[in-house]
Amino acid sequence: MRYLGIDYGTRKCGLALSDEGGSMGFPYKIIPNDTGLYDKLVLIIKSENVGAVVMGESKDLAGNDNAIANAARLLGTFIMNEAKVPVYYEPEMFTSAEARRARDESVTGRSPKSTDAVDASAAALILTSYLSKKHD
């Protein structure tokens, strides 16, 4: 089964797709968090034959929901209702920082302010983390 990972943000969302066997996540794309977000995600889920979604679970350092958590859960509920696929949540603390560090170490010639690769890579980290626990 193929999974879609989502790193939800207020301006844009990073997306990752798993391989067909559902064992690892790979950066897929960035989409803007605008009025078309919900419909775009449903189209991606259908066109990529996604069987489940893994969303980053936003928490603060104390383990409480942060400002983005409620909006991400609303999106998750919409996906479950409209795309008819289960939505799972995976802790996402520090995934963007980890993705940024990995990018800075391996990619040259990229502006430090460019976050597109970081957002999709963070989604891949969230997805791969979930899949590695699922398959243990």
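# Reading a predicted model: a tutorial dialogue

Of the 136 residues in the protein, 40% are buried. The model discussed here is predicted.

Me: Which helices and strands should I look for, and in what order do they come along the sequence?

Reply: One begins by listing the elements of secondary structure. This protein has four helices and five strands. Read along the sequence, they follow the pattern β-β-β-α-β-α-β-α-α.

Me: What share of the contacts in the protein joins residues at least 24 apart in sequence?

Reply: The separation in sequence of two touching residues is the quantity to examine. Among contacts between residues at least 6 apart, 61% join residues at least 24 apart.

Me: How many residues does the largest nonpolar core have, and which of them have the most contacts inside it?

Reply: A nonpolar core consists of buried residues of certain kinds joined through side-chain atoms. The largest one here has 22 residues, and those with the most contacts inside it are L4, I6, Y8, L41, V53 and I79. Two or more residues each are given to this core by strand 1 (2-7), strand 2 (12-18), helix 1 (37-47), strand 4 (50-57) and helix 2 (69-83). Helix 1 supplies the largest share, five residues. Apart from this core lies another, of 10 residues, including Y3, A124, I126 and Y130.

Me: With which residues is I6 in contact, leaving aside its neighbours within four places in sequence?

Reply: One follows a single residue and notes its partners along the chain. With those neighbours left aside, I6 is in contact with C13, G14, L15, L41, V53, V54, M55, G56, I79, A123 and I126.

Me: How many salt bridges does the structure hold, and which residue forms one with K12?

Reply: A salt bridge is read from the distance between a side-chain nitrogen and a carboxyl oxygen. The structure holds seven salt bridges. In one of them K12 pairs with D119, and the closest N and O atoms are 3.6 Å apart. Since K12 lies in strand 2 and D119 in helix 4 (residues 116-134), the pair ties together parts that are 107 residues apart in sequence.

Me: Are K12 and D119 buried or partly exposed?

Reply: The relative accessible area decides the matter: a value under 20% counts as buried, and one over 50% as exposed. K12 has 22% and is therefore partly exposed, whereas D119, at 12%, counts as buried.

Me: Where in the chain are E90 and K133, whose side chains meet in a salt bridge?

Reply: Here one reads both the distance and the elements concerned. The N to O distance between E90 and K133 is 2.6 Å. E90 belongs to strand 5 (residues 87-91) and K133 to helix 4, so that distant parts of the chain, 43 residues apart, are linked. E90 is buried, with a relative accessible area of 4%. Another salt bridge joins the side chains of K40 and D34, at 3.8 Å from N to O. K40 is partly exposed, at 32%, and D34 is partly exposed too, at 36%.

Me: Which residues are joined into one network by salt bridges that share partners?

Reply: Shared partners turn separate pairs into a network, and here R2, E20 and E48 are joined in this way. R2 is placed in strand 1 and counts as buried at 19% relative accessibility. The side chain of R2 also reaches the backbone oxygen of S18 at 3.0 Å.

Me: How is a pair of aromatic rings described, and how many aromatic pairs does the structure have?

Reply: Such a pair is described by the distance of the centres and the angle of the planes. A search of the whole structure finds three aromatic pairs. The rings of Y3 and Y130 have centres 6.1 Å apart and planes at 55°, so this pair is tilted. Y3 lies in strand 1 and Y130 in helix 4, so the pair ties together parts that are 127 residues apart in sequence. Y3 is buried, at 3%, and Y130 is buried, at 14%.

Me: Is the pair of Y88 and Y130 stacked or edge-to-face?

Reply: The angle of the planes settles this. For Y88 and Y130 the centres are 5.3 Å apart and the planes stand at 20°, so the pair is stacked. Y88 lies in strand 5 and Y130 in helix 4, so parts 42 residues apart in sequence are tied together. Y88 is partly exposed, with a relative accessible area of 32%. Ring pairs thus link Y3, Y88 and Y130 into a cluster.

Key:
Residues are numbered from 1 along each chain as its sequence is written. This is a predicted model: local features need pLDDT of at least 70, side-chain atom pairs count only at pLDDT 80 or more; totals for chains, interfaces and linings use all residues. Side-chain values use heavy atoms; hydrogens and water are left out. A nonpolar core is a set of buried Ala, Val, Leu, Ile, Met, Phe, Trp, Tyr and Cys residues joined through side-chain atoms within 4.5 Å. Buried means under 20% relative accessible area, exposed over 50%, partly exposed in between (1.4 Å probe, protein chains only). Contact means heavy atoms within 4.5 Å. A salt bridge is a side-chain nitrogen of Lys or Arg within 4 Å of a carboxyl oxygen of Asp or Glu. A polar contact is a pair of N or O atoms within 3.5 Å; within protein, one must be able to donate a hydrogen and the other to accept it, and residues adjacent in sequence count only if both atoms are side-chain atoms. Rings of Phe, Tyr and Trp (its six-membered ring) pair if their centres lie within 6.5 Å; planes under 30 degrees apart count as stacked, over 60 as edge-to-face and the rest as tilted.
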